[in-house]
Amino acid sequence: MLVSSEERRAAATDSGEASPSSGPRSAGGPSPRPSRRSFSAEYKLAIVAEYENAPNGEKGAVLRREGLYSSHVIEWTRARDAGALAGGADSRRPAKQPKKSAEAAELERLRARNAKLEADLMKTRTALDIMGKAHALLEQLSGSADDQEPPMPRKKH
């Protein structure tokens with residue numbers, strides 16, 4: 001069942017709730033903190049269909065009547081096209097994954113640790129390879145320096 005914002009306002013005033021325009025200085029005291037609105041998949045699909053079928057001049061009227069923004073319709077259209085609204089699940093919350101057994105959790109933890117250790121090992125091997133090459137280069141430079149005669153000290157004038 002689709003409920004428009006007008007019907008919600010009428011139901012709120014019939015039940016004695018404060019009107020949305022009542023502020024902190026109203027006679028009934030401060031208004032309660034507004035809650036975040038949530039919309040069912042059925043409502044979203046109906047609004048998207050109504051919005052898409054409305055003539056160009058009437059699309060804004062649909063949004064004003066329902067108290068929505070164009071970004072709502074854009075997001076809901078994308079969700080519908082992706083198939084997220086067909087299942088009726090809330091697209092903001094991921095589907096619950098079944099709990100893993102203790103063995104599966106331990107296996108996953110050990111695999112992650114193994115991958116980290118292998119990455120550390122590769123870094124260490126690369127560092128040792130670089131140090132070996134640097135050592136060989138220094139050996140070669142010191143050997144060529146020993147073969148040459150040292151320069152003669154300059155005489156002072």
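Confidence in this predicted model averages a pLDDT of 80 over the chain, and 71% of the residues score at least 70. That confidence isn't spread evenly among the elements: helix α1 (residues 5-14) has the lowest mean pLDDT, at 58, while helix α5 (residues 102-147) has the highest, at 92. Then there is the stretch covering residues 17-23, where pLDDT stays under 50. For those residues the model has six contacts beyond four places in sequence.

As for the overall layout, the chain holds five helices and zero strands, so the pattern read along the sequence is simply α-α-α-α-α. Of its 157 residues, 15% count as buried. Looking at contacts between residues at least 6 apart in sequence, 62% join residues that are at least 24 apart.

Helix α2 (residues 41-53) is a good place to start on the details. With 13 residues at 1.5 Å a residue, α2 should span 18 Å, and its end C-alpha atoms are indeed 18 Å apart, so expectation and model agree. Which residues of α2 are buried? They are Ala41, Tyr43, Lys44, Ile47, Val48 and Tyr51. These residues cover an arc of only 160° around the axis, so they sit on the same side of α2. The general background here is that an α-helix has 3.6 residues a turn, so residues three or four places apart point the same way.

Two other helices pack against α2. One of them is helix α3 (residues 59-66), whose axis lies 8 Å from that of α2, at an angle of about 150°. Angles over 145 degrees count as roughly antiparallel, so that is how α2 runs relative to α3. On the α2 side, the contact involves Tyr43, Ile47, Glu50, Tyr51 and Glu52. Their partners in α3 are Lys59, Val62, Leu63, Arg65 and Glu66.

The second is helix α4 (residues 70-82), which packs against α2 at an angle of about 110°, with the axes 10 Å apart. Since angles from 65 to 115 degrees count as roughly perpendicular, α2 and α4 are roughly perpendicular to each other. Here α2 contributes Tyr43, Lys44, Leu45, Ile47, Val48, Tyr51 and Glu52, while α4 brings in Val73, Trp76, Thr77 and Arg80.

Helix α4 itself also has the expected length: its 13 residues should span 18 Å at 1.5 Å a residue, and the end C-alpha atoms are 18 Å apart, which agrees. Its buried residues are His72, Val73, Trp76, Thr77 and Ala79. Seen down the axis, these fall within an arc of 165°, so they line one face of the helix. What covers them includes α2 and α3. Over on the other side of α4, Arg78, Asp81 and Ala82 are exposed. Just after the helix comes Gly83, which takes a positive phi of about 90°.

One more glycine deserves a look, namely Gly60 in helix α3. Is Gly60 buried, partly exposed or exposed? Its relative accessible area is 26%, and because buried means under 20% and exposed over 50%, Gly60 counts as partly exposed. The C-alpha atom of Gly60 is separated by 8.3 Å from that of Ser70, a residue 10 places away along the chain.

How values were computed:
Residues numbered from 1 in each chain as written. Predicted model: local features only at pLDDT ≥ 70, side-chain atom pairs only at ≥ 80, totals over all residues. Heavy atoms only, no water. pLDDT = per-residue confidence, 0-100. Helix = DSSP H or I, 4+ residues; strand = E, 2+ residues; numbered from the N terminus. Contact = heavy atoms within 4.5 Å. Expected span 1.5 Å × (residues − 1). Buried < 20%, exposed > 50% of the residue type's maximum accessible area, 1.4 Å probe, protein only. Arc of directions from axis to C-beta. Axes fitted to C-alpha atoms, helices over the stretch in contact; angles between N-to-C directions. Parallel < 35°, antiparallel > 145°, perpendicular 65-115°, else oblique.
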